[in-house]
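Here are some notes from going through this model, as you asked. They are in the order I would look at things on screen.

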Amino acid sequence: IQPPTIHHIKPRMKRPSFLAVKVAQVLCVVYILVLTFAYAPLGLRDRTTGNIIDGSSTENTKNGVILVNGDYRPVVAQGTYELVCLGISRMSAFSLYPVMVLAYLSKCKATLNYLEKTPISMFMIKNEHKLHTYCGHFI
């Protein structure tokens, strides 16, 4: 029996670059899709009409806003077309949040130097330039 040669050994699969960032982006997208398309109380859609309306005030719905946790938000969507457009716009916005924060933080050198001396450094990405480049390509 001959020992295995280099040709018989399967190469290990390489972990994707910035896997944690991509997972954060996917989690943000899932969150906003559930909030947009799920029915109340988990989401914002009305059970009777299927639209995103302010169930407590028809005047708010006519003005194009809903009252959520004491704040007026412009998230009224009536009809399938408006729901789809709202879903696409919210998906693109929420997928940008993690990379926009990381692009900004990757250029804050004093903050990064401080964080490298704390236990948080175990979770930090070491190559800030590659991170900044990835974020720029995604944005």
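Which residues of α5 are buried? Keep that in mind for the first point, and remember throughout that this is a predicted model.

1. In α5, the buried residues are Glu128, Leu131, Tyr134 and Cys135. Looking down the axis of α5, you find these buried residues within an arc of 125 degrees, so they line one face of the helix. Turn to the face pointing away from that buried side and you meet His129, Lys130 and His137, which are exposed. As for what the buried residues pack against, the partners are α1, α3 and α4 (109-115).

2. One more residue to click on in α5 is Thr133. Its relative accessible area is 31%, so Thr133 counts as partly exposed. The C-alpha atom of Thr133 sits 9.8 Å from that of Ser106, with the two positions 27 residues apart along the chain.

3. Now zoom out. The chain has five helices and two strands, and reading from the N terminus the order is α-α-β-β-α-α-α. It runs to 139 residues, of which 30% count as buried. Among contacts with a separation of 6 or more, 48% link residues 24 or more positions apart.

4. Helix α1 covers residues 19-37, which makes 19 residues. From first C-alpha to last it reaches 27 Å, close to the 27 Å expected at 1.5 Å a residue. Its buried residues are Val21, Gln25, Val29, Ile32, Leu35 and Thr36. Viewed down the axis of α1, they fall within an arc of 130 degrees, so here too the buried residues line one face of the helix. Ala20 and Leu27, on the other side of α1, are exposed. The cover over the buried residues of α1 includes α3 (80-105) and α5 (128-138).

5. On to helix pairs. Two packed helices are described by the angle between their axes and the distance between the axes. For α1 and α3, the axes come within 8 Å and cross at roughly 150 degrees. The two helices are therefore roughly antiparallel to each other, the cut-off for that being over 145 degrees. The crossing of α1 past α3 is right-handed. On the α1 side, the contact residues include Val21, Gln25, Val29, Ile32, Leu35 and Thr36. The α3 side contributes, among others, Leu83, Leu86, Gly87, Arg90, Met91 and Phe94.

6. What about α3 and α5? Their axes come within 9 Å and cross at roughly 140 degrees, and this crossing is left-handed. From α3, Ser95, Leu96, Val99, Leu102 and Ala103 take part, meeting Leu131, His132, Tyr134, Cys135 and Phe138 of α5. Leu131, Tyr134 and Cys135 were among the buried residues of α5 in point 1.

7. Last, a look at α2 (residues 58-63), where Thr61 is found. Is Thr61 buried or exposed? Its relative accessibility is 15%, so Thr61 counts as buried; the cut-off is under 20%. Setting aside neighbours within four places in sequence, Thr61 is in contact with Ile53, Asp54, Val76 and Gln78.

Conventions:
Residues are numbered from 1 along each chain as its sequence is written. This is a predicted model: local features need pLDDT of at least 70, side-chain atom pairs count only at pLDDT 80 or more; totals for chains, interfaces and linings use all residues. Side-chain values use heavy atoms; hydrogens and water are left out. Helices (H or I, at least four residues) and strands (E, at least two) are DSSP runs, numbered from the N terminus. The expected span of a helix is 1.5 Å times one less than its number of residues. Buried means under 20% relative accessible area, exposed over 50%, partly exposed in between (1.4 Å probe, protein chains only). The arc is that of the directions from the helix axis to the C-beta atoms. Contact means heavy atoms within 4.5 Å. Axes are lines fitted to C-alpha atoms, for helices over the stretch in contact, and angles run from 0 to 180 degrees between N-to-C directions. Angles under 35 degrees count as roughly parallel, over 145 as roughly antiparallel, 65 to 115 as roughly perpendicular and the rest as oblique. A crossing is left-handed if the near helix is turned anticlockwise from the far one by less than a right angle, and right-handed if clockwise.
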